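Subject: Structure handover

Hello,

Here is the structure I said I would pass on. Please open it beside this message and follow along; my notes come after it.

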Amino acid sequence: MQDKAKAVIDEVIRPLIEADGGRLDLVEVTGNRVVIQLSGTCKGCPGQPYTVARIIEPALRKALGVSLDVELRLPSPSGTTAAAAKQV
C-alpha cells in the first residue's frame, strides 16, 4: 500500500498542492494509516482542513480502495511535530 499511496501523492495530489506554493510529504504508511505533512504556504493555512478533507483524503481513498486513517502531522510552535488523526 505504501508504493500506491506514494504514487498517488507524487502524481496526483502533490502537483495540486505545489501549484499554490505548498508542499506535501508522505511521512509513513503503516497498515491502513497514512501520515502526511503539509508545509510551504500550506503551513498554518486556514484552508488546510479543507485541503485534507476534500482533496487528499478522497484521492487516497479512491486509489487505495480501503478505509484509511489519514494523519496530518503538524509542526508545533516548538518546531517538533504534533499529529492530528482523522478517520477516512
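Helices are DSSP runs of H or I with at least four residues, numbered from the N terminus. With that in hand, here is a first item: helix α2 is followed by Gly65, whose phi is positive, near 65 degrees. Please keep in mind throughout that this is a predicted model.

Helix α2

Helix α2 covers residues 48–64 and has a kink of about 30 degrees at Glu57. The kink comes shortly before a proline, Pro58. Which residues of α2 are buried? They are Gln48, Thr51, Val52, Ile56, Glu57, Leu60 and Leu64. Glu57 is thus both the site of the kink and one of the buried residues. A general point helps when reading such a list: an α-helix has 3.6 residues a turn, so residues three or four places apart point the same way.

Helix α1

Ala7 sits in helix α1. Ala7 counts as partly exposed because its relative accessibility is 27%, and the buried class ends at 20%. Ala7 and Ala63 are 56 residues apart in the sequence, while their C-alpha atoms are 9.5 Å apart in space.

The largest pocket

The largest pocket has a volume of about 170 Å³. Its lining is made up of Leu16, Ile17, Asp20, Gly22, Thr41, Cys42, Cys45, Gly47, Gln48, Thr51 and Ile55. Two elements, α1 (2–19) and α2, each give two or more residues to this lining. Which element gives the largest share? That is α2, with 3 residues. Gln48 and Thr51 appear in the lining and also among the buried residues of α2.

The two cysteines in the pocket lining

Cys42 and Cys45 both line the largest pocket. Why is Cys42 not bonded to another cysteine? The closest cysteine sulfur, in Cys45, is 6.4 Å from the sulfur of Cys42, which is too far for a bond. A disulfide needs the two sulfur atoms within 2.5 Å. Seen from the other side, Cys45 is in no disulfide either, and its nearest cysteine sulfur is that of Cys42. The count of disulfides in the structure is 0. As for exposure, Cys42 is buried because its relative accessibility is 12%, whereas Cys45, at 34%, is partly exposed.

Salt bridges

Side chains of opposite charge can pair when their charged atoms come close. How many salt bridges does the structure hold? It holds 7. I will go through some of them.

One of them joins Arg23 to Asp25, with the closest N and O atoms 2.9 Å apart. Arg23 is partly exposed, at 48% relative accessibility, and Asp25 is partly exposed too, at 23%.

Another joins Glu28 to Arg33, where the closest N and O atoms are 3.8 Å apart. The limit for a salt bridge is 4 Å, so this pair is counted. Glu28 has a relative accessibility of 26% and is partly exposed. Arg33 is partly exposed as well, with 27%.

Arg33 also meets Glu71 in a salt bridge, 3.1 Å from N to O. This pair links distant parts of the chain: Glu71 is in strand β3 (residues 69–75) and Arg33 is in strand β2 (residues 33–40), 38 residues apart. The contact between the two side chains, at 3.1 Å, is also a polar contact. Is Glu71 buried or exposed? Glu71 is buried, because its relative accessibility is 11% and buried means under 20%.

These residues belong to a wider set: Glu28, Arg33, Glu71 and Arg73 are linked in a network of salt bridges.

Next to Glu71

Leu72 also lies in strand β3. With a relative accessibility of 10%, Leu72 counts as buried. The C-alpha atoms of Leu72 and Val34 are 8.5 Å apart, and the two residues are separated by 38 residues along the chain.

Where to begin

If you want a place to start, find Glu57 and the kink in α2. Then go to Cys42 and Cys45 in the lining of the largest pocket, and finish at the network of Glu28, Arg33, Glu71 and Arg73.

Regards

Terms used
Residues are numbered from 1 along each chain as its sequence is written. This is a predicted model: local features need pLDDT of at least 70, side-chain atom pairs count only at pLDDT 80 or more; totals for chains, interfaces and linings use all residues. Side-chain values use heavy atoms; hydrogens and water are left out. Buried means under 20% relative accessible area, exposed over 50%, partly exposed in between (1.4 Å probe, protein chains only). A salt bridge is a side-chain nitrogen of Lys or Arg within 4 Å of a carboxyl oxygen of Asp or Glu. A polar contact is a pair of N or O atoms within 3.5 Å; within protein, one must be able to donate a hydrogen and the other to accept it, and residues adjacent in sequence count only if both atoms are side-chain atoms. The bend at a residue is the angle between axes fitted to the seven residues ending there and the seven starting there. On a 1 Å grid over the protein atoms alone, a cavity is a set of points where a 1.4 Å probe fits but cannot get out, and a pocket is an open set with protein on both sides within 12 Å along at least five of seven lines; lining residues have an atom within 4 Å of a point. Grid points are joined across faces, edges and corners, and a volume is the space filled by probe spheres set on the points.
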